[in-house]
Amino acid sequence: MAILALKQRSADLAPEPDSSGPIELVRYICAIGALQSAAAIPRVVPITHCGPGCTDKAYMNVAFYNGFQGTGWGGGPVTPSTNASQREVIFGGADRLRELIESTLTVLDGDLFVVLTGCIPDLVGDDVGSVVRDFQKRGVPIVYAETGGFRGNNFTGHEAVVQAIIEQHLGPDAGERKAGLVNLWSLLPYQNTFWRGDLEEIKRLLEGIGLKVNVLFGPDSAGISEWRDIPRAAFNLVLSPWLGLSTAKLLEKRYGQPWLHIPVVPIGARQSTAFLREVAAFAGLPSAPVEDFIAREEARYYNYIDGFTDFYSEYWWGLPAKFAVIGDSAYNLALTKFLVTQLGLIPARQIVTEDPPDEHREAIRAQFRAIDHDVSVEVEFDEDSFVIHDKIRSTDFGQKPPIIFGTTWERDLVKELKGTLVEVGFPASYEVVLSRSYVGYRGALALLERIYTTVVSRSA
Amino acid sequence: MAINLKTSSVETREQRLGTIIGWDGAASSLAEESAFSRGDCASCGSSRGAKARRVCELQGPFTQGSVCSEQMVECQAGNVRDAVLVQHSPIGCGAGQVIYNSIYRNGLAMRGLPVQNIRFVSTNLRERDMVYGGAEKLDRAIRAAFDRHRPNAIFIATSCASGIIGDDVESVARACEADLGVPVIPLHCEGFKSKHWSTGFDATQHGILRQIVRRNPTRKQDDLINVINLWGTDVFTPMLKELGLRVNYVVDMATVEELAQMSEAAATVSFCYTLGTYLAAALEQDYGVPQVKAPQPYGFAGTDAWLRELARVTGREALAEDYIAREHARVKPLLAALRPKLKGLKGYVATGSAYAHGMVGVLRELDVEVDGSLVFHHDPVYDSEDPRQDSLGHLVETYGDVKHFTVGNRQQYQFYNLLQRVKPDFIIIRHNGLAPLAARLGIPAIPLGDEHHALGYQGMVNLGESILAVLQHRKFHQDIAGRVRLPYKASWLAEPDPFALARLATV
Ligand code: SF4
């Protein structure tokens with residue numbers, strides 16, 4: 001079969017052959033995986049225009065066999081899909097999509113519908129935009145994003161979905177700003193196994209110092225009404241190494257909203273306190289209530305840490321000294337910072353796996369180089385698990401068995417190294433995750449429990 | 001119709017068998033309309049002359065995300081223990097590595113084999129490759145797969161993207177095969193090519209038949225039986241041992257050599273004709289390995305007939321009769337103890353097609369009522385075209401009709417109305433996406449990850465015990481049932497006809 005018409009894309013096609021090679025044991029998926037980002041917003045329903053397997057692949061693997069998270073209101077098996085066939089490939093699928101959207105409106109109850117495209121329509125050149133615009137003109141709450149598999153991964157697909165909602169669904173006018181209201185752009189829903197609990201904790205911290213938070217995704221979000229409130233916020237907080245930056249820039253351009261970028265998601269008291277002080281200063285909050293909140297949180301945190309100290313100083317059978325992290329930049333950086341600065345563990349290898357856009361890599365490197373006043377880490381970027389595992393095998397972990405923060409893919413490797421594995425990212429097929437969080441003050445305690453329960457339970 | 005192993009692509013199920021994915025009515029009517037019976041549907045007119053038999057199909061405007069052929073290739077070719085699967089696709093298709101890894105690892109553990117990760121390599125096609133083609137990347141990925149793992153075979157799964165841009169997968173595979181000295185086997189499984197995913201089983205089996213199965217076997221293994229299955233526990237070895245037979249499990253978790261020796265076996269059987277139809281028929285046609293043509297091994301009637309036919313084909317009748325008698329004597333009191341506890345319960349089966357026919361039979365053996373069943377597709381005939389394999393006909397004749405028999409391609413929105421129609425106490429499922437809805441209605445599900453759970457005589461006991469266990473889960477499900485809201489419009493939830501939209505569209 002011959003190619004029909006690849007849609008004209010102005011300048012973003014790489015002129016040189018790219019260096020991307022084969023990938024074994026995937027650590028991210030294609031852009032249409034962002035259907036679960038749409039589904040992460042309460043009462044939002046994704047609609048996929050793609051082959052019959054794309055939707056199932058995206059949710060079964062990212063939402064189910066990754067912590068068994070559940071799929072949300074309109075995600076997973078609820079997601080309407082054209083299940084495009086030979087007919088749509090040969091004659092185009094715009095009519096089929098129109099028919100699907102029309103019938104979706106009679107079957108499904110949603111506050112917003114998000115159309116996502118897969119490889120097929122993006123290759124055969126369906127004019128998805130004009131189909132969706134017809135519905136928009138009729139007042140149907142619907143937007144679309146081009147997320148064909150070859151266009152990018154589920155991180156960039158997520159940004160495409162977010163920006164589609166902002167540009168196609170929110171009005172151009174910012175209106176009145178609400179003092180103390182912040183939009184939070186942070187972890188990638190579902191891809192990050194712990195995103196729900198983590199967002200809940202981050203929201204709790206920000207509210208603790210007196211802010212109101214549009215958390216936007218997950219059970220704590222009010223859904224689309226909260227999204228409509230985005231332009232009202234006083235500022236945008238990007239809490240991740242790079243994801244969300246382009247959204248913040250878009251919002252600055254569109255509504256003149258300022259933004260604050262904090263690359264390190266805080267784990268533990270030191271980072272959480274630093275995080276809150278930085279946000280408070282940016283937001284111009286009075287310091288007394290902020291310091292009050294911090295004091296209360298730290299008191300609770302260190303009370304538990306005090307108990308943990310007995311174990312950490314006196315456990316007879318050995319604890320790991322060196323660690324490696326294999327994961328998305330956000331968690332990799334957060335964990336490395338916590339383990340180094342608070343536990344005094346020694347970083348042996350840090351591999352970032354989500355293929356961050358080139359323009360952000362230097363900044364990520366810089367963050368790792370400045371992990372602590374006395375520790376600098378050279379981070380590596382790899383996506384192919386075969387290469388990653390070879391690197392871990394050749395890493396010097398010293399005499400003690402290492403602890404690896406990774407994914408299910410590392411199970412065999414860790415057995416081979418006689419080390420300990422903590423599954424902290426996609427795919428985590430041997431973890432059941434409900435509201436567990438590893439960030440903030442509270443999450444850090446859960447993380448310590450997890451790490452050392454794993455270590456101790458293996459010892460006899 | 002003959003199976004053609006000369007072409008590189010498999011003919012789709014709809015072409016070969018007239019497969020449908022939308023139908024609603026009594027099981028007896030569907031059995032009537034299917035080709036085993038007459039071959040023509042009264043309202044569609046004659047299909048004589050057409051390649052496949054025709055059954056009227058309901059098609060609606062609303063569809064939810066389904067499953068594609070490539071996923072079935074992943075779960076078959078991808079689980080061959082000493083092979084590697086190269087996915088010629090952008091990275092999204094590689095998502096399946098996650099689920100099939102989990103299933104593979106747990107399957108290996110159940111069989112007592114060394115647990116290891118699956119070996120899938122994605123060619124990782126990007127935007128540029130869509131313009132300039134991905135053949136070179138495919139070549140690189142195949143060679144990388146070989147260098148890394150030294151496999152005994154390399155499978156290639158095609159994708160929507162590679163199909164549309166028209167990459168010449170065949171030539172790349174041939175060149176690599178010549179260089180590497182192991183079979184390099186293209187499996188054509190573009191998701192858009194077939195409306196039902198089961199074509200993906202056939203695509204895998206087609207490739208194995210063409211490039212792995214030994215063509216002119218010099219020896220015959222008279223006691224070796226090919227068992228076409230997935231990753232289920234090993235129930236066949238002890239069962240066939242009674243007849244003095246050995247098991248050759250294919251395709252999942254087999255080695256390449258085990259696949260190659262299929263042509264030397266004495267017969268082929270499977271736990272499900274949906275999965276086994278193509279491979280078994282082709283082994284008989286091209287290699288003279290007879291396939292056992294009998295009802296599937298579920299319930300007393302099916303298992304008796306299946307064992308007797310296997311015994312006949314392999315000349316072991318006396319052994320079989322002795323085994324059947326002993327098993328009846330062993331199992332009957334166990335079932336007699338179970339039946340009173342299960343009587344009056346209503347079950348619902350939502351699984352693949354031929355498998356559902358078997359499960360309904362087992363439920364009826366247990367005195368569980370079955371008023372409804374959903375199968376994800378329907379093959380009006382299997383590749384053998386032999387009426388002894390008419391699994392739906394066998395169900396209706398042996399156990400009576402199923403009033404609400406539905407064919408639907410795993411559409412959750414219809415599942416609501418289907419369940420309302422029959423209000424079951426529990427459901428039996430394979431394939432994801434439906435149990436969560438049932439759960440929210442207060443109905444617990446028995447997910448049969450181990451496909452052998454309900455097979456044979458012991459299977460009836462197993463399933464009976466699983467039902468009693470899952471009924472206890474009702475406490476959990478009923479607790480949440482009152483508290484959740486479903487994403488469907490009230491008007492749709494009030495609709496009694498699951499195919500209302502389809503019927504509107506065809507008027
Ligand atoms: S890569 Fe393309 S065909 Fe594969 S899952 Fe993604 S959108 Fe679908």
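**Reading a shared ligand site and the two chains around it**

Modeller: In this predicted model, the residues that surround the ligand are Cys30(A), Cys54(A), Gly118(A), Cys119(A), Gly149(A), Pro90(B), Gly92(B) and Cys93(B).

Colleague: Why is the site shared between chains?

Modeller: The chain letters are what to read here: residues from chains A and B surround the ligand, and the site is therefore shared between the chains.

Colleague: How many nonpolar, polar and charged residues does the shell around the ligand have?

Modeller: Sorted by class, the shell around the ligand holds five nonpolar residues and three polar ones, with no charged residues; cysteine and proline count as nonpolar in this scheme, whereas glycine counts as polar.

Colleague: Turning to a single element, how far does helix 11 of chain A reach from its first C-alpha to its last?

Modeller: One sets the span against the value expected at 1.5 Å a residue: helix 11 of chain A, residues 268-283, has 16 residues and reaches 22 Å, which is close to the expected 22 Å. Helix 11 is followed by Gly284(A), whose phi is positive, near 70°.

Colleague: Which residues of helix 11 of chain A are buried, and what do the buried residues pack against?

Modeller: Buried here stands for under 20% relative accessible area, and in helix 11 of chain A this applies to Gly268(A), Ala269(A), Gln271(A), Ser272(A), Thr273(A), Phe275(A), Leu276(A), Val279(A) and Ala280(A). These buried residues pack against several elements of chain A, among them helix 8 (195-208), strand 7 (233-239), helix 12 (287-314) and helix 17 (440-457).

Colleague: What is the secondary structure of chain A, and why is chain A as compact as a globular protein of that length?

Modeller: Chain A comes to 17 helices and 13 strands. Its radius of gyration is 23 Å, close to the 23 Å that the globule rule gives for 460 residues, so chain A is as compact as a globular protein of that length. Along its principal axes, the C-alpha trace of chain A spans about 70 × 55 × 40 Å, and buried residues make up 62% of the chain.

Colleague: How many helices and strands are there in chain B?

Modeller: Chain B has 22 helices and 13 strands. With a radius of gyration of 23 Å, close to the 23 Å given by the globule rule for 507 residues, chain B is likewise as compact as a globular protein of that length. Buried residues account for 66% of chain B, while its exposed area is about 16700 Å², of which carbon and sulfur atoms supply 51%.

Terms used:
Residues are numbered from 1 along each chain as its sequence is written. Chains are lettered from A and ligands numbered from 1 in the order in which they are written. This is a predicted model: local features need pLDDT of at least 70, side-chain atom pairs count only at pLDDT 80 or more; totals for chains, interfaces and linings use all residues. Side-chain values use heavy atoms; hydrogens and water are left out. A residue is near a molecule or strand if one of its heavy atoms lies within 4 Å of it. Helices (H or I, at least four residues) and strands (E, at least two) are DSSP runs, numbered from the N terminus. The expected span of a helix is 1.5 Å times one less than its number of residues. Buried means under 20% relative accessible area, exposed over 50%, partly exposed in between (1.4 Å probe, protein chains only). Contact means heavy atoms within 4.5 Å. The radius of gyration is taken over C-alpha atoms; the globule rule is 2.2 Å times the number of residues to the power 0.38. Accessible areas come from the Shrake-Rupley method with a 1.4 Å probe; for residues, only the protein chains shown count as cover.
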